[in-house]
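Let's take a walk through this protein together, starting with its open spaces and then turning to its sheets and rings. Keep the 3D view at hand as you read.

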Amino acid sequence: VVYRDGCIKAVGLADVIRNQFSGATFERTIDCSGKCVLPGLVDAHTHPVWAGDRVHEFAMKLAGASYMEIHQAGGGIHFTVEHTRKATEEELFSTFKHRLERMRRAGSTLVECKSGYGLNLETELKMLRVIERAKQSMDIGISSTYCGAHSVPKGKTATEATDDIINNHLPKLKELKLSGEIHVNNIDVFCEKGVFDLESTRRILQAGKGIGLQINFHGDELHPMKSAELGAELGARAISHLEEVSDEGITAMARAKCAAVLLPTTAYMLRLKQPQARKMLEEGVIVALGSDFNPNAYCFSMPMVMHLACVNMKMSMNEALAAATINAAYALGKSDTHGSIETGKQGDLVIINSSRWEHLIYQFGGHEALIDYVIVKGKVVYQNDRFGTMSSY
């Protein structure tokens, strides 16, 4: 039962609920006989605001070009930055809205959304305004992340870019937060060899934390950088990627209760070694999942991410579901309100037309026919037009 304020009023056996609410009237009742009701999925890492896709680079990757080789040849992030800077705010909002709708149809009800394809203050703010607009106008939860340190802008050194972010970008974000124009939740840095080194990363993250942002950054993806150790030391809420994390980093994250946001699409697309999900889980790290939706990993579907996590990272289906719901909510600092079906939490739900929830992971790419309803704050935001016409078996 979801109350009109969008929060879950009661959870329990059907007969108990019917007796408890025998005198109540409901705006809508959904018959879920033979179906499964799951928490809305949480996508803990996306880059969904940009112009200029990189479909042409996919062929280069297939031919063996590495991420950094494409990056150094003027492709990768810099290609998207060029197009994003030229795009109008309206153009960016239109494509962003469409992408969020696709994520929602695949069961995501809370999504972390990053800036990071501006690399200058003007375009970063343009992206953050687009994210803010979607927060206010769309029925989907959004956790917004400032990721101005996604790459070093052309013509600048990493130190110069770091100084610009600390002296210009972050003070402006603080000003806009105080005026109520933009509310950013997290600070992100791409801590990587040839991008932002450990010291630059430390400086930016500390400055972001100083204006009240949660630390949630990219680390240890292509090279071991000791990002996990740094994140644990700074009290980071979460660190993403971690394909090259050290044993000491895993131990430090477990001790600090810093979530590991693993991105199976990235390792799959770039043919990287898989993150050590099993070792992290065994050592007590809070493991979350994200789609890493971006021009390099074009995936909207958390059910497909869970499937890849199970097959390629050796997670169980229970572990993958927890990683895509309650643990992903924890990585965004929202596990008190999102990520599970509990009284008092937000009424974000996914209803699938199978009596076994495992079908959401088992069916690779089958969510279009499997998901009947997506509900955000008790409101049906997606209903499958083909509802009732297909069996999940």
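A good place to start is the largest pocket, which holds about 1,500 Å³ of space. Bear in mind that this is a predicted model. Lining the largest pocket are 35 residues, and those nearest its centre are Val-1, Val-2, Phe-26, Arg-28 and Ile-30. Which secondary structure elements supply at least two residues each to this lining? They are α1 (14–20), β1 (36–39), β10 (349–352) and β12 (379–383). Of these, α1 gives the most, with three residues. Sorted by class, the lining of the largest pocket has 21 nonpolar, five polar and nine charged residues.

Next comes the second largest pocket, with about 280 Å³ of space. Its lining is made of 16 residues, and Lys-135, Ile-140, Gly-141, Ile-142 and Lys-377 are the ones nearest the centre. Two elements, α6 (121–137) and β4 (141–149), each bring at least two residues to this lining. Here the classes come out as five nonpolar, seven polar and four charged residues. Where does the second largest pocket lie with respect to domain 1 and domain 2? Domain 1 (7–36 + 346–387) and domain 2 (39–332) both give residues to its lining, so the second largest pocket lies between them.

Some of the elements that line the largest pocket, namely β1, β10 and β12, turn up again in a sheet. This open sheet has four strands in the order β1-β10-β11-β12, with antiparallel pairing. The edge positions belong to β1 and β12, and each has a single partner strand, so one side of each is left without a neighbour in the sheet. On average, neighbouring strands of this sheet are turned by 25° against each other, direction ignored. For a closer look, follow strand β11 (residues 371–376), which runs antiparallel to β12 and is joined to it by four bridges. Along this pairing, Tyr-373 stands opposite Gln-383 in β12.

The other sheet to trace is also open, and it has eight strands in the order β2-β3-β4-β5-β6-β7-β8-β9, with parallel pairing. Why do β2 and β9 each have one side without a neighbour in the sheet? Both stand at the edges with a single partner strand, so no strand of the sheet flanks the remaining side. From one strand to the next, the twist averages 25°. Within this sheet you will find β4 again, which you met in the lining of the second largest pocket. It pairs with strand β5 (residues 186–189) in the parallel sense over three bridges. If you zoom in on this pairing, Tyr-146 stands opposite Ile-187 in β5.

Now for the enclosed spaces. The structure holds five cavities of 30 Å³ or more. The largest cavity has a volume of about 130 Å³. Its lining has 16 residues, with Tyr-67, His-150, His-241, Asp-292 and Asn-294 nearest the centre. By class, these lining residues divide into five nonpolar, eight polar and three charged.

Finally, have a look at the aromatic rings. A pair of aromatic rings is described by the distance of the centres and the angle of the planes. There are six aromatic pairs in the structure. In one of them, the rings of Trp-50 and Phe-293 have their centres 6.0 Å apart and their planes at 25°, so the pair is stacked. Trp-50 sits in the loop between β2 (41–43) and α2 (55–62), while Phe-293 belongs to the loop between β9 (287–289) and α13 (302–313), so the pair ties together parts that are 243 residues apart in sequence.

Technical notes:
Residues are numbered from 1 along each chain as its sequence is written. This is a predicted model: local features need pLDDT of at least 70, side-chain atom pairs count only at pLDDT 80 or more; totals for chains, interfaces and linings use all residues. Side-chain values use heavy atoms; hydrogens and water are left out. On a 1 Å grid over the protein atoms alone, a cavity is a set of points where a 1.4 Å probe fits but cannot get out, and a pocket is an open set with protein on both sides within 12 Å along at least five of seven lines; lining residues have an atom within 4 Å of a point. Grid points are joined across faces, edges and corners, and a volume is the space filled by probe spheres set on the points. Ala, Val, Leu, Ile, Met, Phe, Trp, Tyr, Cys and Pro count as nonpolar, Asp, Glu, Lys and Arg as charged, and the others, Gly among them, as polar. Domain bounds come from an automatic or database domain assignment. Two strands pair if DSSP finds at least two bridges between them. Axes are lines fitted to C-alpha atoms, for helices over the stretch in contact, and angles run from 0 to 180 degrees between N-to-C directions. Rings of Phe, Tyr and Trp (its six-membered ring) pair if their centres lie within 6.5 Å; planes under 30 degrees apart count as stacked, over 60 as edge-to-face and the rest as tilted.
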